[in-house]
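Subject: Structure handover, plus notes on charges and rings

Hi,

Here's the structure I promised to pass on. Have a look at it first, then read on for my notes.

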Amino acid sequence: MFAKGDIVRHFKREMLSEETLAKEPNMYLYEIVGQAEHTESGEQLMIYRPLYGEKKLYARPIEMFLSTVDEIKYPGLKQKQRFEKLR
């Protein structure tokens, strides 16, 4: 599980070219802000912020955040989890 302050990478980072990464080295990198509980449904959420772009705050259901990459839709990727800890 991830902890507040962890930096994670989204699996799509693996598909970026070296040129794109040189222009935007933080593309598809995120800081974990923490976890939250939906006030009405009780659903557990992961709160995170991209380290690129407008750096808005986002929430995603924990189950989705921790899901595996769809190997049929994205064949040949090394990263197996949607998000993996970078450091």
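Below is what turned up, starting with the charged pairs and moving on to the aromatic rings.

One thing up front: this is a predicted model, so please read everything here in that light.

Salt bridges first. There are four of them in the structure, and I'll go through some here. Asp 6 and Lys 85 pair up through their side chains, with an N to O distance of 3.6 Å. Asp 6 sits in the segment before strand 1 (7–10) and Lys 85 belongs to strand 5 (residues 83–85), so this bridge ties together parts that are 79 residues apart in sequence. How accessible are the two partners? Asp 6 is buried, at 10% relative accessible area, whereas Lys 85 is partly exposed at 48%. If you want the reasoning on Asp 6: buried means under 20%, and its 10% therefore puts it in that class.

Strand 5 also takes part in another bridge, this time between Glu 84 and Arg 9, where the closest N and O atoms are 3.4 Å apart. Glu 84 is in strand 5 and Arg 9 in strand 1, so here the parts being tied together are 75 residues apart in sequence. Both ends of this one come out as partly exposed: Glu 84 has a relative accessible area of 22%, and Arg 9 has 26%.

Then there's a local one. Glu 19 and Lys 23 meet in a salt bridge with 3.3 Å from N to O. Where do these two lie? Both are in helix 1 (residues 18–23), four residues apart, which is about one turn of the helix. Both residues are exposed.

Now to His 10, which is a handy stepping stone to the rings. His 10 is in strand 1 and is buried, with a relative accessible area of just 6%. Leaving aside residues up to four places away in sequence, His 10 touches Tyr 28, Tyr 30, Gln 79, Arg 82 and Phe 83. Keep the two tyrosines and the phenylalanine from that list in mind.

On to the aromatics. Searching the whole structure gives ten aromatic pairs. One of them is Tyr 28 with Tyr 52, an edge-to-face pair at 6.2 Å centre to centre and 65 degrees between the planes. Tyr 28 is in the loop between helix 1 and strand 2 (29–37), and Tyr 52 is in the loop between strand 3 (44–50) and strand 4 (58–61), so the pair ties together parts that are 24 residues apart in sequence. As for accessibility, Tyr 28 is partly exposed at 22%, while Tyr 52 is buried at 18%.

Tyr 30 and Phe 83 make another edge-to-face pair, with centres 5.6 Å apart and 80 degrees between the planes. Tyr 30 lies in strand 2 and Phe 83 in strand 5, so this pair ties together parts that are 53 residues apart in sequence. Tyr 30 and Phe 83 are both buried.

Which residues make up the aromatic cluster? Phe 2, Tyr 28, Tyr 30, Tyr 48, Tyr 52, Tyr 58, Phe 65 and Phe 83 form one cluster. That list includes Tyr 28, Tyr 30 and Phe 83, which His 10 also touches.

Cheers

Key:
Residues are numbered from 1 along each chain as its sequence is written. This is a predicted model: local features need pLDDT of at least 70, side-chain atom pairs count only at pLDDT 80 or more; totals for chains, interfaces and linings use all residues. Side-chain values use heavy atoms; hydrogens and water are left out. A salt bridge is a side-chain nitrogen of Lys or Arg within 4 Å of a carboxyl oxygen of Asp or Glu. Helices (H or I, at least four residues) and strands (E, at least two) are DSSP runs, numbered from the N terminus. Buried means under 20% relative accessible area, exposed over 50%, partly exposed in between (1.4 Å probe, protein chains only). Contact means heavy atoms within 4.5 Å. Rings of Phe, Tyr and Trp (its six-membered ring) pair if their centres lie within 6.5 Å; planes under 30 degrees apart count as stacked, over 60 as edge-to-face and the rest as tilted.
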